[in-house]
Amino acid sequence: MFEKVNSKVVKVDVGMSGGVVARSGAMLFYTGSVTFAPHEIPGAHGMGGGGLVRMAGRMMAGEHQRTMLAQGNGEVHYGLAGLEVRVVRLQPGAVLQVEASRLLANTATLQASVVSVMSSGGGGGGGGLMGALRGAASGALTGQGMFTTQLSGQGSAVLLAHGGFLELQVGGPNPIVVDPQAYIASCGTVQTELKSALSWRDAVGRGSGEAMQLQCTGQGVVYVQASEEKL
């Protein structure tokens, strides 16, 4: 599993972890006999069908970060652009949903997929392809991607943050409401829903910010960075 070297670097024994999937360019150095090959999250490319399906596929591919699969026997050190790192360990039954730009690496033992932001919590857009397409405007206003990476199973993942991490517990009587530009990920059984405090016309005229909010309910943890800077 991943081990923090300092606040900005992690290391991992690739052989003991069963392989590691990481952002292209995130490998700092390694020892031992390790090979690297391009990797693709299932569902990120190759969508067939009509024009709307192909358009959604292009949007999904544009938000998905290029990744590399490390295999073999050795220890690899990872980091990216001096950003802060946080290791999250997953157990069966828990789900980690993370913005693609804020996922540094994960063990290959985790099941990965790309899902619509709108399908994870409703938000009035509905699930499936049409819900995802209706969510595009919300994603553009808030800075949050239209699609997000979902990880499940047993293993661990490494998150990235600008300015440090805040770990918020979800499950009390009141929901946690987060600025979408500061949102990194949620872990557990957390549902997210985009909400607007303004009409669409007002929101477009005034831009993003507190006009759009991400409401988190359920049980688990929400990770927030101490900054609104996009990664």
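Trainee: Before we start, what counts as a contact here?
Mentor: A contact means heavy atoms within 4.5 Å, and please keep in mind that we are looking at a predicted model.

Trainee: Okay, so what share of the contacts between residues at least 6 apart joins residues at least 24 apart?
Mentor: In the protein chain, 84% of the contacts between residues at least 6 apart in sequence join residues that are at least 24 apart.

Trainee: And how many helices and strands are there?
Mentor: The protein chain has 15 strands together with five helices, and of its 231 residues 46% are buried.

Trainee: Which residues have the most contacts inside the largest nonpolar core?
Mentor: That core has 19 residues, and the ones with the most contacts inside it are F2, V10, V20, Y78, L104 and V158. Two or more residues each are given to this core by β2 (9-13), β3 (20-23), β5, β6, β8 (103-107) and β11 (155-161), with β5 supplying the largest share, three residues.

Trainee: What does L104 touch, apart from its close sequence neighbours?
Mentor: Leaving aside neighbours within four places in sequence, L104 is in contact with a list of residues that includes V10, Y78 and V158, along with V21, A22, V85 and L160. There is also a second, separate core of 16 residues, among them A157, A161, I184 and V221.

Trainee: Switching topic, how many disulfides does the structure hold?
Mentor: The structure holds zero disulfides. As for the cysteines C187 and C216, the former is buried with a relative accessible area of 12%, and the latter is buried as well, at 0% relative accessibility.

Trainee: What about the outside, which residues make the nonpolar surface patch?
Mentor: M27, L28, F29, Y30 and F36 make a nonpolar surface patch of about 430 Å². L28, one of these residues, lies in strand β4, which covers residues 27-39, and L28 counts as partly exposed because its relative accessibility is 45%, between the 20% and 50% cut-offs. For the protein chain as a whole, the accessible surface comes to about 10500 Å², and 53% of that belongs to carbon and sulfur atoms.

Trainee: One last thing, where does A81 lie, and is A81 buried or exposed?
Mentor: A81 lies in the loop between β5 (67-78) and β6 (84-90), and with a relative accessibility of 76% A81 counts as exposed.

Trainee: What is phi of A81 near?
Mentor: Phi of A81 is near 55°, which is a positive value in a residue other than glycine.

Conventions
Residues numbered from 1 in each chain as written. Predicted model: local features only at pLDDT ≥ 70, side-chain atom pairs only at ≥ 80, totals over all residues. Heavy atoms only, no water. Disulfide = S-S within 2.5 Å. Buried < 20%, exposed > 50% of the residue type's maximum accessible area, 1.4 Å probe, protein only. Patch = residues over 30% accessible without salt bridge, like charges linked within 9 Å, V, L, I, M, F, W, Y side chains within 5 Å. Areas by Shrake-Rupley, 256 points an atom, 1.4 Å probe, with all protein chains shown as cover. Salt bridge = Lys/Arg side-chain N within 4 Å of Asp/Glu carboxyl O. Helix = DSSP H or I, 4+ residues; strand = E, 2+ residues; numbered from the N terminus. Core = buried A, V, L, I, M, F, W, Y, C linked by side-chain atoms within 4.5 Å.
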